[in-house]
Amino acid sequence: MGMSVTISAARAQDAEHILKLQYLCYQTEAELYGDYGIEPLTQSLDDLRAEIAQGHALVARLGDEVVASVRGRVDEGGTARIAKLIVHPRMQRHGLGGRLLDAIEKRFAGEPGAKRFQLFTGHRSESNLRLYRSRGYVPVASEQVGPKLTLITLEKEASTREFVASV
């Protein structure tokens, strides 16, 4: 009998597991851009704990193992900034990233101040761009942050009716 993946709020004791998963998942991004000094690979455990405490963090578990995560927070302007959507390499291409994105959007949609969702990814990260576009995100800005990396910011409006029948 196979186990199913469950999505829930991250607990304080998940921080170390999330950081290890983040380090594993961002190796391919670092290789793609030739930069192993990117923030997800240099973030400290204390910084991660603080980031989780300031907003929402979700994890996907297969049994007791954290196999995916996403986090973010709503800023003072009403933008829900979604960050670090990660899925263990062996769990990719099974819809888990989309499920996690839907779940964090649903969590933010419950906050009265959330007017829009925003996230970003590198310009060469085609699978990320494909996922975000399939969920209704559109590019709104790009910024060259290094000789090999341009960050693409994508956004969509928060709509409570979208979430009535979702996750």
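## Fold and selected residues of a predicted chain

Among contacts between residues at least 6 apart in sequence, 62% join residues at least 24 apart in this chain. The model is predicted.

### Overall layout

The chain contains 6 helices and 7 strands. Read from the N terminus on, the elements follow the order β-α-α-α-α-β-β-β-α-β-α-β-β. The C-alpha trace spans about 45 × 40 × 30 Å along its principal axes. For 167 residues, a compact globule would have a radius of gyration near 15 Å, and the chain agrees because its own value is 15 Å.

Of the 167 residues, 45% count as buried. The accessible surface of the chain comes to about 9,200 Å², and carbon and sulfur atoms account for 51% of that surface. There are 22 positive and 21 negative side chains in the chain. The centres of these two sets lie 5 Å apart.

### Ser69 in strand β3

Strand β3 covers residues 65-74 and includes Ser69. Ser69 has a relative accessible area of 0% and is therefore buried. Leaving aside neighbours within four places in sequence, Ser69 is in contact with Ile18, Leu21, Leu58, Val59, Lys84, Leu85, Ile86 and Leu100. With one of these residues, Leu58, there is also a polar interaction: the side chain of Ser69 reaches the backbone oxygen of Leu58 at 3.0 Å. Ser69 and His17 are 52 residues apart in sequence, while their C-alpha atoms are 9.8 Å apart in space.

### Lys84 and Arg93: positive phi

Most residues other than glycine have a negative phi. Two residues are described here with positive values. Lys84, in strand β4 (residues 79-87), has a phi near 50°. Its relative accessibility is 12%, so Lys84 counts as buried. Lys84 is among the contacts of Ser69, and Gln43 also touches Lys84.

Arg93 lies in the loop between β4 and α5 (96-109). Although Arg93 is not a glycine, its phi is positive, at about 70°. Where Lys84 is buried, Arg93 counts as exposed because its relative accessibility is 71%.

### Two glutamines

What is the relative accessible area of Gln43? The value is 7%, so Gln43 is buried. Gln43 sits in the loop between α3 (39-42) and α4 (45-54). The side chain of Gln43 makes a polar contact with the side chain of Glu51 at 2.9 Å. Not counting neighbours within four places in sequence, the residues in contact with Gln43 are Leu19, Gln22, Leu48, Glu51, Arg71 and Lys84.

Gln118 belongs to strand β5 (residues 116-122). Gln118 is buried because its relative accessible area is 14%, under the 20% limit. With neighbours within four places in sequence set aside, Gln118 contacts Thr79, Ala80, Arg81, Ile82, Tyr137, Thr153, Leu154 and Glu155. Thr79, Ala80, Arg81 and Ile82 from that list fall in strand β4, which runs over residues 79-87.

### Gly55 and Asn128

Gly55 lies in the loop between α4 and β2 (56-62). Is Gly55 buried or partly exposed? Its relative accessible area is 28%, so Gly55 is partly exposed. Gly55 touches Gly72 and Arg73, not counting residues up to four places away in sequence. Gly55 and Arg73 are 18 residues apart along the chain, and their C-alpha atoms are separated by 4.3 Å.

Asn128 is in helix α6, which covers residues 126-134. With a relative accessible area of 23%, Asn128 is partly exposed. Not counting residues up to four places away in sequence, Asn128 touches Glu29 and Thr121. Thr121 falls within strand β5 (residues 116-122), where Gln118 is also placed. Asn128 and Gly97 are 31 residues apart in sequence and 9.2 Å apart in space, C-alpha to C-alpha.

### Separations along the chain and in space

The table collects the C-alpha separations given above.

| Pair | Separation in sequence | C-alpha distance |
|---|---|---|
| Gly55 and Arg73 | 18 residues | 4.3 Å |
| Asn128 and Gly97 | 31 residues | 9.2 Å |
| Ser69 and His17 | 52 residues | 9.8 Å |

Definitions and conventions:
Residues numbered from 1 in each chain as written. Predicted model: local features only at pLDDT ≥ 70, side-chain atom pairs only at ≥ 80, totals over all residues. Heavy atoms only, no water. Helix = DSSP H or I, 4+ residues; strand = E, 2+ residues; numbered from the N terminus. Buried < 20%, exposed > 50% of the residue type's maximum accessible area, 1.4 Å probe, protein only. Contact = heavy atoms within 4.5 Å. Polar contact = N/O pair within 3.5 Å; in protein donor to acceptor, adjacent residues only side chain to side chain. Rg over C-alpha atoms; globule rule 2.2 N^0.38 Å. Areas by Shrake-Rupley, 256 points an atom, 1.4 Å probe, with all protein chains shown as cover. Lys, Arg positive; Asp, Glu negative; His and termini not counted. Charge placed at Lys NZ, Arg CZ, Asp CG, Glu CD.
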